[in-house]
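Here are some notes to read alongside the model. They are in no strict order, so skip around as you like.

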Amino acid sequence: WISIDTNSKSSFGAQGCRSMLRSVKGYDGSPSTSSPAHSSSKMGRRGSLSTSSSSSLSSDGSGLVSMLFGLDYRSLAMYRVCVSILLLLDLWVRSRYLHEHYSGLATWPSHLAADEAASFSLHFISGEMPFLYALWIMNAIFVFFMLIGYRTRLFTFLSWMMLASLHTRNGYVLNGGDDFLRCMLFWAMWLPLGARYSVDSTLLGNTPPAQLTSQTSSKYYLSVATVAAMGQFALIYYFTAVLKTGPEWTLDYTAVYYAVYLDQFATRWAILMRGFPALMKLLTLVTIYFEYYGTLLFILPFPSVHGPLRTLGVLGFVAMHAGFGTCLELGFFMYIPSVCATMFLPAWFWDTLVPSILRRPKSVFTVHYNPKVTGLDQALSILRTFFLNNTSLLPMATQEEENQAAHDQTSSSSSSSSSSSSSSFISNRDPSITISLPRGVHVAQDDSEWIEVIEEHTGQRYLGFDGVVQLFRSSRVLFVLVPVMCADFLRHALTLLAPFFLSAAHKVFPSAPMVGPTKRSRAKEAGVLFFFLVVLTWNFASYYQFPIPDTVRFVGLTTRLDQWWGMFAPAPAKVDGWMYYPGILADGTYVNVFEGRGVSGGRGDAKVHIKEDGTPEYSKPDLVSHQFATQRWRKYLMNIQIGSLHYLRLPYGQYLCREWNFYDKFPPNKHLKSYKIVYVTQITPEPDQPWEEPEHVTLWEHVCF
């Protein structure tokens with residue numbers, strides 16, 4: 001059942017286990033003087049085992065430091081998957097408006113963005129749509145490989161680079177959540193995101209044991225990067241709290257009251273909450289205090305309750321942002337902090353809480369596969385990593401191994417004593433010879449037998465394609481594909497195409513290891529520390545209003561670690577409103593340009609009343625927050641409302657004329673002749689005070705022809 005190779009000597013079963021234990025510590029309990037790098041072990045064909053005397057919780061106190069400031073490998077894997085999905089969804093939303101936000105003829109054209117930008121963006125190279133689509137496809141590919149954990153560090157870096165490029169190209173469509181995502185992804189580049197549940201970790205099984213370190217077998221990874229990631233997360237909430245200096249946060253606790261009256265953000269849940277003033281005060285108190293002290297739950301030095309407390313902290317941030325997103329239209333800002341918080345889930349969450357919630361799989365399978373089938377071992381290993389955690393993989397014995405077993409048996413004097421722990425079969429070469437192999441090793445009688453699946457509870461055996469179907473049926477994810485796979489025509493097609501896909505898997509995911517050891521280098525640690533000092537300096541300089549040193553400014557802007565966490569600070573805005581664009585067409589018809597038609601970013605929910613003189617009169621929509629096509633459009637159009645950003649209005653006005661009159665969207669008599677951008681402002685009064693009449697403010701007048 002086990003074979004241990006040590007110093008070119010092989011031992012089996014219990015004797016092999018004793019040899020392995022001797023490499024870790026002696027029987028008298030004294031530590032071994034030999035380094036773990038000099039002890040190697042193999043399990044089956046692919047498995048590698050690292051032996052180390054280190055423990056995740058050692059008695060000398062270093063384990064406590066790892067527990068407080070380290071990150072669980074499984075949590076890093078969960079962050080990798082969640083943030084990749086989030087990036088793909090963000091890309092899909094952006095793809096709907098590439099022309100409107102990123103092209104040379106966008107609302108903020110490429111040449112204007114390049115003149116203003118303080119850092120480089122790949123999107124400045126060209127504003128032509130084919131180039132933008134190429135960048136978008138590249139970005140999606142990078143994120144997908146990050147999702148599955150293939151060359152994880154490389155594709156995490158490339159995903160961050162593309163995200164920073166997008167943010168630099170048009171910062172007027174961004175909110176605080178985008179900065180949050182970009183900064184946390186920067187620190188994730190320095191973390192072993194692919195150490196668990198990834199293609200890299202699957203192929204790491206081929207790494208020679210000497211290359212493995214104790215880091216890959218323990219639960220926590222501790223480095224300067226883990227401290228920096230935790231520090232960045234804490235800085236975000238600390239500074240967003242200390243910047244909330246208004247009396248709405250510190251004295252009368254009316255911040256949530258003013259937030260739910262921001263009509264451009266408010267959902268129907270926010271409108272409902274307006275009737276509960278006591279609840280709004282309580283939520284204000286909970287929000288400000290949790291932003292101050294919530295991250296302390298991550299580092300409380302009480303080992304017995306550290307896991308539950310850190311889990312409570314993570315769930316607290318998730319709940320807080322879920323509440324924000326329920327009441328306010330925030331786009332992906334609702335999900336970004338929650339996704340970033342998942343990297344801080346402790347080992348207790350995975351070892352205690354998750355098993356108590358998730359039921360164990362009903363069936364456990366052993367899969368015997370033919371190692372001569374090219375790419376089969378890689379494909380099965382990757383499937384097991386992501387979808388088939390109830391499966392064990394064992395290679396079938398090859399003809400060479402059969403010959404070796406025959407030789408060992410005939411030369412061994414103790415064959416009779418070992419037969420009780422072996423499975424016997426008749427040799428293909430000589431039927432008079434009975435060969436014993438370790439129990440559980442299936443022998444491939446010919447190359448056509450490529451897979452055998454055994455259900456351990458019942459002993460039922462499935463061969464070939466039937467075995468693959470049974471594995472898919474047992475998966476919590478892949479079971480949805482079973483009805484399709486059972487169709488006769490698809491069954492034959494998959495059988496014919498299987499060699500092609502397996503060959504591709506072998507070429508794309510070679511047997512050589514994709515990741516090296518996770519041990520830390522001094523140069524890497526020093527670099528991470530330098531970047532974290534840049535972040536500290538930037539945040540404190542912004543808060544205390546002292547000049548940012550030139551070196552810090554250059555590094556911060558180049559790496560896009562520049563940040564400002566003044567969300568709803570010093571207090572939520574009290575001036576809010578809604579927009580409409582009264583326009584005149586070439587035939588004299590009045591129209592609300594803001595009604596959308598794919599050009600303005602609005603949905604045109606304003607109620608229109610035609611007066612006696614034939615001119616329209618616009619009234620407030622039922623739900624102002626639904627006026628905007630996406631959160632990107634909401635942020636851009638709200639920036640237009642700001643007086644200091646008045647320079648955005650001319651290029652936006654030119655964009656509207658082009659989009660309405662060019663590209664044959666409308667006949668000549670329906671071309672837009674002129675229009676106005678009108679912002680209806682209204683000041684939110686103090687609680688229990690009367691409302692004033694709204695004011696119609698013309699932000700911009702534009703003549704197209």
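1. A term before the rest: a residue is called buried under 20% relative accessible area, exposed over 50%, and partly exposed in between. F145 is a handy case, because its relative accessible area of 21% falls in that middle range and makes it partly exposed. Do keep in mind that this is a predicted model.

2. The overall picture, then. The chain has 705 residues, and buried ones make up 49% of them. Its secondary structure comes to 27 helices and 19 strands. Take the contacts with a separation of 6 or more: 72% of them are between residues 24 or more positions apart. The chain exposes about 33,700 Å², with carbon and sulfur atoms supplying 62% of that area.

3. Back to F145, which has a ring partner. A search of the whole structure turns up 52 aromatic pairs, and F145 with F155 is one I'd look at: the ring centres are 4.9 Å apart and the planes sit at 35°, so the pair counts as tilted. F145 is in helix α6 (residues 129-148) and F155 in helix α7 (residues 152-169), so the pair ties together parts that are ten residues apart in sequence. Is F155 buried or exposed? F155 counts as buried, because its relative accessibility is 10%.

4. Next, a pair with another geometry. The rings of F594 and F628 have their centres 6.4 Å apart and their planes at 80°, so this one is edge-to-face. Here the two partners are in loops: F594 lies between β15 (590-592) and β16 (607-610), F628 between β17 (616-619) and α26 (631-640), so the pair ties together parts that are 34 residues apart in sequence. Both F594 and F628 are buried. They also belong to a cluster linked by ring pairs, together with Y97, Y581, W633, Y636, Y652 and Y655.

5. How many disulfides does a search of the whole structure find? Just one. The bond joins C657 and C704, with 1.9 Å between their sulfur atoms, and the -70° about the S-S bond makes the link left-handed. This pair links distant parts of the chain, 47 residues apart: C657 is in helix α27 (residues 649-661), while C704 is in the segment after β19 (695-703). As for exposure, C657 is buried, because its relative accessible area is 9%, whereas C704 counts as partly exposed because its value is 22%.

6. Two other cysteines deserve a check, C183 and C340. Why is there no bond between them? The closest cysteine sulfur to that of C183 is the one in C340, and at 9.7 Å it is too far for a bond; a disulfide needs the sulfur atoms within 2.5 Å. Seen from the other side, C340 is in no disulfide either, and its nearest cysteine sulfur is that of C183. C183 counts as buried because its relative accessibility is 0%, and C340 also counts as buried, again because the value is 0%.

7. A228 is a good spot to see the chain meeting itself from far along the sequence. A228 sits in helix α10 (residues 224-242), and V535 is 307 residues away in sequence, yet their C-alpha atoms are 9.5 Å apart in space. Leaving out residues up to four places away in sequence, A228 touches W187, V528 and F532. With a relative accessibility of 1%, A228 therefore counts as buried.

8. Last, the surface. W269, L272, F276, L279, L282, L283 and V286 form a nonpolar patch there, with about 690 Å² of accessible area together. Which elements give two or more residues to the patch? They are α13 (268-273) and α14 (277-293), and α14 gives the most, with four residues. One of the patch residues is L272, found in helix α13. L272 is exposed, because its relative accessible area of 52% is over the 50% mark.

Note on methods
Residues numbered from 1 in each chain as written. Predicted model: local features only at pLDDT ≥ 70, side-chain atom pairs only at ≥ 80, totals over all residues. Heavy atoms only, no water. Buried < 20%, exposed > 50% of the residue type's maximum accessible area, 1.4 Å probe, protein only. Contact = heavy atoms within 4.5 Å. Patch = residues over 30% accessible without salt bridge, like charges linked within 9 Å, V, L, I, M, F, W, Y side chains within 5 Å. Areas by Shrake-Rupley, 256 points an atom, 1.4 Å probe, with all protein chains shown as cover. Salt bridge = Lys/Arg side-chain N within 4 Å of Asp/Glu carboxyl O. Phe/Tyr/Trp six-rings, centres within 6.5 Å; stacked < 30°, edge-to-face > 60°.
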